[in-house]
Amino acid sequence: MMGKTTVCLTLRKSKKNNIKAPLRLAQGQDFAYDKRIKVENSMSWKDGICIALALFFLFLLMQQLVYLQQLEVRTKKSRAEIGIIGLTLVVLAGLVWWSGAGLAQLAVGLFAAAFFVAGWQKQGLAATGLLTFQRGREFYPWQKLSRVEMKQGQTVKLTFYTADGVALVTHDYRIADLRRVRSVLAAAGVPVQIKE
């Protein structure tokens with residue numbers, strides 16, 4: 001008596017729905033390979049693009065980590081900023097999960113989220129200049145800034161001006177960091193105007 005072996009092929013209709021088609025073969029019968037059936041054991045071009053994107057985000061993340069090491073005083077993050085960043089990360093995680101994430105897509109999502117958070121955290125004062133993301137630049141050396149206006153309240157509010165006298169950006173710092181802020185600005189030689 002000859003036994004039957006069942007081979008189950010998975011035909012891909014879409015990312016969500018897989019159709020399984022049983023193929024019954026008698027024992028000793030050869031399986032005929034049909035060229036129209038794609039065998040998905042190799043990397044697709046989409047996986048290659050995802051790997052390239054993951055490496056790109058990894059490179060950008062390394063650049064942000066170098067900036068984070070240079071940072072001496074970080075800006076104060078408001079609750080609204082923290083909430084928006086958290087919501088954005090949840091949406092990003094949802095998009096990665098919903099897209100039927102494979103390993104390459106998960107790597108892209110992870111590195112993109114880490115780059116996003118590191119870029120947000122790197123704003124502040126460094127010994128060599130101002131770290132922010134304004135006008136397409138992440139770093140402004142102290143020589144490119146003409147003056148700083150300081151206003152004290154619940155936070156220390158610093159407004160930075162370019163050499164042209166145009167307001168570049170306003171950052172908030174914690175009151176506890178006031179001494180460190182003053183020492184960094186004094187070491188940089190940037191004129192500070194105190195406003196009331």
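User: Before we get to H1, what is the expected span of a helix?
Analyst: The expected span of a helix is 1.5 Å times one less than its number of residues. In this predicted model, helix H1 covers residues 45–70, and its 26 residues reach 38 Å from the first C-alpha to the last, close to the 38 Å expected at 1.5 Å a residue.

User: Which residues of H1 are buried?
Analyst: The buried residues of H1 are Cys50, Ala54, Phe57, Leu60, Leu61, Gln64, Tyr67 and Leu68.

User: And what do they pack against?
Analyst: The buried residues of H1 pack against helix H3 (103–121) and against three strands, namely S3 (71–74), S5 (129–134) and S6 (137–141).

User: How do those strands sit in their sheet, then, and in which order?
Analyst: The order is S3-S4-S5-S6 in an open sheet of four strands, with antiparallel pairing. S3 and S6 are the edge strands, each pairing on one side only, and the twist averages 30 degrees from one strand to the next. H1 lies across S3, S4, S5 and S6, and runs at about 80 degrees to S3.

User: How many bridges join S3 and S4?
Analyst: S3 and strand S4 (residues 124–126) pair in the antiparallel sense over three bridges, and Leu71 stands opposite Ala126 in S4.

User: Let's look at Glu138. Is that one buried or exposed?
Analyst: Glu138, which has its place in strand S6, is buried, because its relative accessible area is 16% and the cut-off for buried is under 20%.

User: What does its side chain make a polar contact with?
Analyst: The side chain of Glu138 makes a polar contact with the side chain of Gln64, at 2.6 Å, and Gln64 is itself one of the buried residues of H1. Leaving aside neighbours within four places in sequence, Glu138 is in contact with several other residues, including Gln63, Tyr67, Lys122 and Phe133.

User: Changing topic: what is the strand order in the sheet with S7?
Analyst: That open sheet has four strands in the order S9-S8-S7-S10, and the pairing is mixed. Strands S9 (167–173) and S10 (192–195) stand at the edges with a single partner strand each, so one side of each is left without a neighbour in the sheet. Neighbouring strands of this sheet are turned by 20 degrees against each other on average, direction ignored.

User: In which sense do S7 and S10 pair, parallel or antiparallel?
Analyst: Strand S7 (residues 145–152) and S10 pair in the parallel sense over four bridges, and Met150 stands opposite Ile194 in S10.

User: Which helix lies across S7?
Analyst: Helix H4 (residues 178–188) lies across S7, strand S8 (156–162), S9 and S10, and H4 runs at about 160 degrees to S7.

Technical notes
Residues are numbered from 1 along each chain as its sequence is written. This is a predicted model: local features need pLDDT of at least 70, side-chain atom pairs count only at pLDDT 80 or more; totals for chains, interfaces and linings use all residues. Side-chain values use heavy atoms; hydrogens and water are left out. Helices (H or I, at least four residues) and strands (E, at least two) are DSSP runs, numbered from the N terminus. Buried means under 20% relative accessible area, exposed over 50%, partly exposed in between (1.4 Å probe, protein chains only). Contact means heavy atoms within 4.5 Å. Two strands pair if DSSP finds at least two bridges between them. Axes are lines fitted to C-alpha atoms, for helices over the stretch in contact, and angles run from 0 to 180 degrees between N-to-C directions. A polar contact is a pair of N or O atoms within 3.5 Å; within protein, one must be able to donate a hydrogen and the other to accept it, and residues adjacent in sequence count only if both atoms are side-chain atoms.
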